[in-house]
Amino acid sequence: MLGKLDWSAIPIDQPIPLVAGAVVLVAILGVLTWVVVKGHLPYLWGEWITSVDHKRIGVMYILLASVMLLRGGSDAIMMRIQQAVAYQSQGYLPPEHYNQIFSAHGTIMIFFVAMPFVIGLMNLVVPLQLGVRDVAFPTLNSVGFWLTATGALLVNVSLVVGEFARTGWLAFPPLSELAYSPGVGVDYYAWSLQISGVGTLVAGINLVTTVLKLRTRGMNYLRMPMFCWTTLASNLLIVAAFPILTATLAMLLLDRYLGFHFFTNEAGGNVMMFMNLIWAWGHPEVYILVLPAFGIFSEVVSTFSGKALFGYRSMVLATMAICVISFMVWLHHFFTMGAGPDVNAIFGIASMIIAIPTGVKIYNWLFTMYGGRIRFATPMLWSVGFMVTFIIGGLTGVLVAVPPADFMLHNSMFLVAHFHNVIIGGVLFGAFAGFEYWFPKAFGFRLDERWGKAAFWFTFLGFYVTFMPLYIAGMLGMTRRMQHYDVASWRPWMIVAAVGVAVLSIGVICQIVQLVVSIRNREALRDRTGDPWDGRSLEWATSSPPPVFNFAFNPDVRGEDAYWEMKARARQQSLEHEVPEYQDIEMPRNSPTGFVCAFFATIMGFALIWHIWWMVILGGIGAFATFVVFAWRDHDEYVIPAEQVAAIDRVNIEERRSLVSMAGAV
Amino acid sequence: MNLLDPQGPVAAGNSTILVDSVFIMLVIVVPTIIAILGFAFWFRASNPKARYQPHFVYSGRVEMVVWSIPALTVILLGGVAWIGSHQLDPAAPVPGTGSPVRIQAVSLDWKWLFIYPDQRIATINTLTVPAGAELNFQLTSSSVMNTFFIPQLGSMIYTMNGMVTKLNLRADNEGKLQGLSAHFSGDGFPDMMFDVNVVSPLAFPDWVATTARTDAVLNADTYKKLMQQGIEKGRPVYRLDDPRLFDLIASQHIPPGPGPELASEAGRPHSGGHDAR
């Protein structure tokens with residue numbers, strides 16, 4: 001009746017996951033009770049859960065990423081403590097638990113923190129920057145989000161029901177095959193990623209279509225803000241790369257469920273085929289994450305320097321070059337498999353070539369600052385911190401692209417330090433910069449600057465104290481994923497790294513405090529103009545938070561930095577707004593399709609993991625039926641009458657008169 | 001285990017390239033970081049001496065320079081990578097004094113088996129080699145992937161079931177080194193560290209003779225016991241019964257290791273593959 005599921009799946013003998021799970025469960029129940037008792041449920045359902053508004057979906061993506069950041073961060077703290085104490089001893093985590101933790105940490109941080117954070121920011125901002133009313137497929141957008149949430153939920157369920165993979169975040173076979181990982185851990189891993197992978201793919205299709213097909217008047221390709229370009233590049237990569245991940249995991253699942261032999265040791269299975277396929281997705285994946293971050297930094301550096309982006313066309317070229325070349329370097333993840341020197345050298349050099357456009361980007365940000373009038377608000381601090389940190393990560397990245405150096409550093413703590421250097425220093429700093437920068441746009445009030453700056457400095461310093469010692473440990477021969485060790489020279493560096501992660505945690509706490517303090521002081525921090533940073537692109541041309549239709553009129557774009565030019569023109573010609581003729585606006589209706597579909601997908605995923613076949617069929621039929629019902633809908637749009645549009649827009653125009661801009665001043 | 005303290009020519013070559021590459025990159029990285037901090041500081045809004053130039057958004061000369069600097073660096077480093085990959089190819093010969101020593105390494109769950117086919121002996125978790133001689137490694141795995149790595153001798157390489165990788169090394173100085181597995185392989189992975197005893201070329205034959213006198217014999221049966229998952233704290237040695245043992249393992253004539261014992265595991269509906277032959 002319940003497949004492999006029985007009471008032994010609950011880890012009664014392991015207090016840590018049980019207590020953690022219980023705390024999370026209590027917290028969720030507490031929040032739910034509060035919502036129901038206070039009568040917020042209809043609001044939550046009507047305005048958020050069923051929302052197809054790209055801004056709301058973007059906010060929910062970021063909320064998901066933030067919650068999962070805390071989960072992944074807890075894993076990180078546990079790992080650093082384990083390695084600090086497990087010298088000539090077993091530490092406090094037995095191998096079967098430690099191995100789950102580092103696997104979950106990697107999986108969560110990449111798929112359920114970094115991905116939803118950047119996708120959330122793209123969702124929130126790109127339609128506004130393009131001057132349009134929504135993404136191309138609003139309901140699909142909601143489906144994509146909820147499927148991602150399903151994946152995250154399943155990963156968390158594995159904490160208390162069964163186990164998570166103990167194979168590392170990429171689940172290399174043959175270790176991940178049934179013979180060596182007979183438990184449900186790898187199944188949790190694979191089905192979570194299959195379901196959330198569908199969500200990511202539809203988000204990618206949606207954003208590519210939005211950028212290619214839905215731009216406002218005059219917004220041709222070479223007038224798009226840089227963030228739109230990096231969004232396009234990143235989502236093209238999603239569309240091209242995620243099917244590879246899906247196919248690879250599908251093959252692994254066929255091996256595990258139906259006795260196929262794609263990657264097994266026997267019967268012609270080939271382990272290295274998995275390696276090739278997973279990295280053919282995995283390397284583009286890192287650019288999927290970091291390109292949007294590059295876009296965020298481009299917006300932030302330009303805005304806070306009070307200058308247009310230096311070398312805009314060069315930046316576009318560099319972005320698209322990275323997009324293409326990132327597909328041609330995957331083999332550098334396994335130079336040590338013993339391929340010939342020609343193969344290694346060619347992939348090594350191809351990997352270095354990516355450093356050229358990346359370097360160009362750094363220099364273009366540098367020259368954007370040159371001659372600027374730089375305001376060091378929190379987003380700008382993150383950006384300068386990023387530039388310095390990312391260069392170091394780039395250096396070590398090019399270093400491991402040199403095959404003979406990689407023969408010493410592959411899989412070492414040096415490598416661990418390298419990719420945290422670029423993912424924290426690049427993606428996470430970018431996500432935080434974007435969060436601080438666009439928060440006022442999403443909610444209509446700024447975040448507290450003092451706590452924001454404290455968060456930056458603790459995170460920045462904490463990063464260096466945590467990861468510089470790992471570089472050194474790698475140089476001392478330490479490999480990754482060691483549950484314990486006997487080498488005395490590694491010990492001091494593990495202790496320093498544990499101190500570093502404490503400093504990093506203070507940074508995260510500051511961020512939480514910042515959010516709480518800012519919400520409490522929201523009236524004092526209120527931004528009524530919609531343009532708190534003297535912005536340059538169209539998202540600042542509408543009110544904060546924007547009305548559901550974003551713009552009363554599709555803006556007319558006449559150059560790069562569209563909104564900056566509007567402000568400059570208004571100032572120079574002292575043009576007053578003519579009284580415009582407002583029209584009715586049609587907007588898509590909210591739809592529970594995404595939530596219901598994900599609900600059934602969760603049931604199906606859970607049932608697949610535990611081999612509960614009747615429930616698999618139930619979930620599958622449910623998810624399919626949801627789609628069919630949606631496809632048969634009659635009315636999917638509603639009309640906002642012109643008078644209402646006019647009323648909302650007039651308020652915005654009034655507030656904007658008080659705006660002081662540098663635009664057109666020089 | 002310091003990578004910058006190489007004990008053989010391969011590690012010396014690797015670490016020279018490592019250090020050289022870092023210095024080549026530091027030449028542009030350090031000035032760039034200084035420029036970032038310098039520009040950010042000088043052009044702060046509160047500095048009245050800094051000139052505001054909002055129209056400085058394109059310069060052909062600057063573009064030329066910013067594309068050239070990374071491109072030239074990569075051309076230089078690309079040369080280093082190309083030459084280095086060929087000179088330090090793991091399978092490239094590493095000439096040494098005396099006759100080369102053939103060693104066949106098998107990663108087991110979770111221990112290392114070193115077979116000396118010419119000497120007809122085998123050891124677990126200890127590698128004894130003569131200083132100065134070329135060491136010809138052939139490597140495979142009994143079950144899951146591992147990576148064979150002696151940091152101070154250089155160049156790690158994967159071990160994979162059903163496949164053989166090749167690696168040539170040389171240890172120049174007598175002494176004790178440590179090796180490890182550099183690819184996660186399951187619960188016992190951290191206990192896959194092994195000792196490397198580099199002995200004098202004269203002492204090596206003595207060690208071989210002593211080892212060959214042991215009672216324990218390594219044949220297909222004892223190997224199957226070794227394949228069981230487990231950690232080996234001791235340092236057992238064996239006489240080698242059949243010098244073709246490694247080939248039998250690599251060609252899967254001896255089936256892969258069994259993985260975890262599944263006495264109580266009801267939910268394993270498919271054979272998974274141990275029936276393959």
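Start by selecting strand 1 (residues 101-108) and strand 2 (residues 111-116) of chain B: they run antiparallel and are joined by 5 bridges. Strands here are DSSP runs of E of at least two residues, helices are runs of H or I of at least four, and both are numbered from the N terminus; two strands pair if DSSP finds at least two bridges between them. This is a predicted model, in which local features need pLDDT of at least 70, side-chain atom pairs count only at pLDDT 80 or more, and totals for chains, interfaces and linings use all residues. Residues are numbered from 1 along each chain as its sequence is written, while chains are lettered from A and ligands numbered from 1 in the order in which they are written.

Stay on the two strands for a moment. Strand 1 and strand 2 of chain B make a hairpin with 2 residues between them. For one rung of this ladder, pick B:Val106, whose bridge partner in strand 2 is B:Leu113.

Now add strand 5 (residues 134-141) of chain B, which pairs with strand 1 in the parallel sense over 7 bridges. Here B:Ala105 has B:Leu139 as its bridge partner. Is strand 1 of chain B enclosed or open? Since 7 of its 8 residues are buried, strand 1 is largely enclosed by the rest of the structure. Buried means 20 or more other C-beta atoms within 10 Å of the residue's own, with C-beta atoms placed from the backbone.

Zoom out to the whole of chain B, with its 5 helices and 12 strands. Its radius of gyration, taken over C-alpha atoms, is 26 Å, well over the 19 Å that the globule rule (2.2 Å times the number of residues to the power 0.38) gives for 277 residues, so chain B is more spread out than a compact globule. Along the principal axes, the C-alpha trace spans about 85 × 55 × 30 Å. Of the 277 residues, 44% count as buried.

Next, show both chains. 86 residues of chain B are in contact (C-beta atoms, placed from the backbone, within 7 Å) with 81 residues of chain A. Select helix 2 (60-87) of chain B, which gives the most to this side, with 16 residues.

Finish in chain A, at A:Phe463 in helix 14 (residues 449-475). A:Phe463 counts as buried because it has 23 C-beta neighbours inside 10 Å. Beyond its neighbours within four places in sequence, A:Phe463 is in contact with A:Thr389, A:Ile424, A:Gly425 and A:Leu504. The C-alpha atoms of A:Phe463 and A:Leu504 are separated by 6.3 Å, though the residues are 41 apart along the chain.

How values were computed
Two residues are in contact if their C-beta atoms, placed from the backbone, lie within 7 Å. A residue is buried if 20 or more other C-beta atoms lie within 10 Å of its own, exposed if 12 or fewer, and partly exposed in between; C-beta atoms are placed from the backbone.
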